[in-house]
Amino acid sequence: RKGPPAIFRVDSTGLVRTVATALDPAIDTLRAIASDKVGAIYLTGEARRGLVTSQGAAFKTAEVSTSTPFLLKLTSSGVPVFSTYLTAPGSRPAGKPDPGGGKHDVTSAPFGLTVNDAGEAYVVGQSSAADFPSTPGALNTKDSNNRDAFVIKVNASGTAIPIVARIGFNDVDRATDVALSPDGSILVGGKSASVDFSGNDSFQSTVHFSQNGQITYLYDREFG
């Protein structure tokens, strides 16, 4: 059974209040939510073609009909401020699936979201798009022929994406959560099936796979 996405607020007494239930019908899935210091609400997930994007949006349209990552900002009372697609959807056919794989094998999907004091949003996830862009100087700027983790920074007005970083090695990599460090760097958590996954000064230099063939990781780097 599938219903429209909705947002609720639980106050300090445990009372549940509805913030918004009439979100854009093009939105398929809400995957992460965050709030800034003034109480504005940020949502990311996947949307089909036809999302009503704001004037000057970083990506106004989706190139194909499959679900594409988006970012939506609302006021604390649920009034839309801006909306934008975040990138091109996945373009590679499904290959070796993740354990318990599914549609994320063939689409780009966001999984984590945070916002800084300036209202800039950081979205992390996984992309299967062969042409997924990246900022010059990022850890991985070329397609590795596998599904890569990504980090996207969106400016406070939703009109530009100054950072797109890929984190990918020789197998499947996925970012599932993100936090900001006081020094301005971005903390990214997720999982990897890449045997060549490595990092500077890591406490574990050798990959040890769990039963399901995945490792977890924490990556800390300043992406521009």
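Biologist: In the hairpin of β5 and β6, which residue takes a positive phi?

Modeller: Happy to start there, with the reminder that this is a predicted model. Strands β5 (residues 68-74) and β6 (residues 80-85) run antiparallel and are joined by 5 bridges. Leu74 in this pairing stands opposite Pro80 in β6. The hairpin has 5 residues between the strands, and the residue with a positive phi, near 95 degrees, is Gly78.

Biologist: Thanks! Stepping back, how many helices and strands are there in the protein?

Modeller: Read along the sequence, the pattern is β-β-β-β-β-β-β-β-β-β-β-β-β. Among contacts between residues at least 6 apart in sequence, 55% join residues at least 24 apart. The count for the protein is 0 helices and 13 strands.

Biologist: What percentage of the residues is buried?

Modeller: Let me begin with the outside: the protein exposes about 11,100 Å², and carbon and sulfur atoms supply 52% of that area. As for the residues, there are 224 in the protein, and the buried ones make up 49%.

Biologist: Which element gives the largest share of the largest nonpolar core?

Modeller: That core has 16 residues, and Leu71, Leu113 and Ile152 touch the most other members. Two or more residues come from each of β3 (27-35), β7 (109-115), β8 (121-127) and β9 (148-154). The largest share is 3 residues, and the element that gives it is β9.

Biologist: Which residues of β8 and beyond are in contact with Leu113, leaving aside its neighbours within four places in sequence?

Modeller: Leu113 is one of the residues that touch the most other members of the largest core. Earlier in the chain, its contacts include Ala32, Ile33, Ala34, Tyr42, Leu43, Thr44 and Leu71. Later in the chain, its contacts are Ala121, Tyr122, Val123 and Val178.

Biologist: How many residues does the second, separate core have?

Modeller: Among its members are Ala20, Ala26, Ala62 and Tyr85. The number of residues in this second core is 15.

Biologist: Now for charges. Asp28 and Arg48 meet in a salt bridge, so how many residues apart in sequence are the parts that the pair ties together?

Modeller: The two side chains meet at 2.3 Å, N to O. Asp28 counts as buried at 16% relative accessibility, because the cut-off for buried is under 20%, whereas Arg48 is partly exposed at 33%. Asp28 lies in strand β3 and Arg48 in the loop between β4 (41-47) and β5, so the parts tied together are apart in sequence by 20 residues.

Biologist: And in the salt bridge of Glu120 with Lys153, how far apart are the closest N and O atoms?

Modeller: This pair links distant parts of the chain, with Glu120 in the loop between β7 and β8 and Lys153 in strand β9, 33 residues apart. Glu120 is partly exposed, with a relative accessible area of 21%, while Lys153 counts as buried at 15%. The closest N and O atoms of the pair are apart by 3.7 Å.

Biologist: Which residue forms a salt bridge with Asp11?

Modeller: Asp11 is partly exposed, with a relative accessible area of 24%. Its partner also counts as partly exposed, at 45% relative accessibility. The closest N and O atoms of this pair are 3.7 Å apart, and the partner is Arg17.

Biologist: In β10, which residue is the bridge partner of Lys153?

Modeller: β9 and β10 pair in the antiparallel sense over 5 bridges. Strand β10 (residues 163-167) is mostly covered, with 5 of its 5 residues buried. The partner of Lys153 there is Ile163.

Biologist: Which residues of β10 point the other way from Ile163, Ala165 and Ile167?

Modeller: In a regular strand the side chains alternate between the two faces of the sheet. In β10, Ile163, Ala165 and Ile167 point one way, and all residues on both sides are buried. Those pointing the other way are Val164 and Arg166.

Biologist: Is Asp173 buried or exposed?

Modeller: Asp173 has its place in strand β11 (residues 173-180). Its C-alpha atom is separated by 9.0 Å from that of Ser127, which is 46 residues apart along the chain. With a relative accessible area of 0%, Asp173 is buried.

Biologist: Last one: what accessible area do the residues of the nonpolar surface patch have together?

Modeller: Phe8, one of the patch residues, lies in strand β1 (residues 7-10). With Val10 and Val16, Phe8 forms a nonpolar patch on the surface, and together their accessible area is about 300 Å².

Definitions and conventions. Residues are numbered from 1 along each chain as its sequence is written. This is a predicted model: local features need pLDDT of at least 70, side-chain atom pairs count only at pLDDT 80 or more; totals for chains, interfaces and linings use all residues. Side-chain values use heavy atoms; hydrogens and water are left out. A nonpolar core is a set of buried Ala, Val, Leu, Ile, Met, Phe, Trp, Tyr and Cys residues joined through side-chain atoms within 4.5 Å. Buried means under 20% relative accessible area, exposed over 50%, partly exposed in between (1.4 Å probe, protein chains only). Helices (H or I, at least four residues) and strands (E, at least two) are DSSP runs, numbered from the N terminus. Contact means heavy atoms within 4.5 Å. Patches are made of residues with over 30% relative accessible area and no salt bridge: like charges are joined within 9 Å, nonpolar side chains (Val, Leu, Ile, Met, Phe, Trp, Tyr) within 5 Å. Accessible areas come from the Shrake-Rupley method with a 1.4 Å probe; for residues, only the protein chains shown count as cover. A salt bridge is a side-chain nitrogen of Lys or Arg within 4 Å of a carboxyl oxygen of Asp or Glu. Two strands pair if DSSP finds at least two bridges between them.
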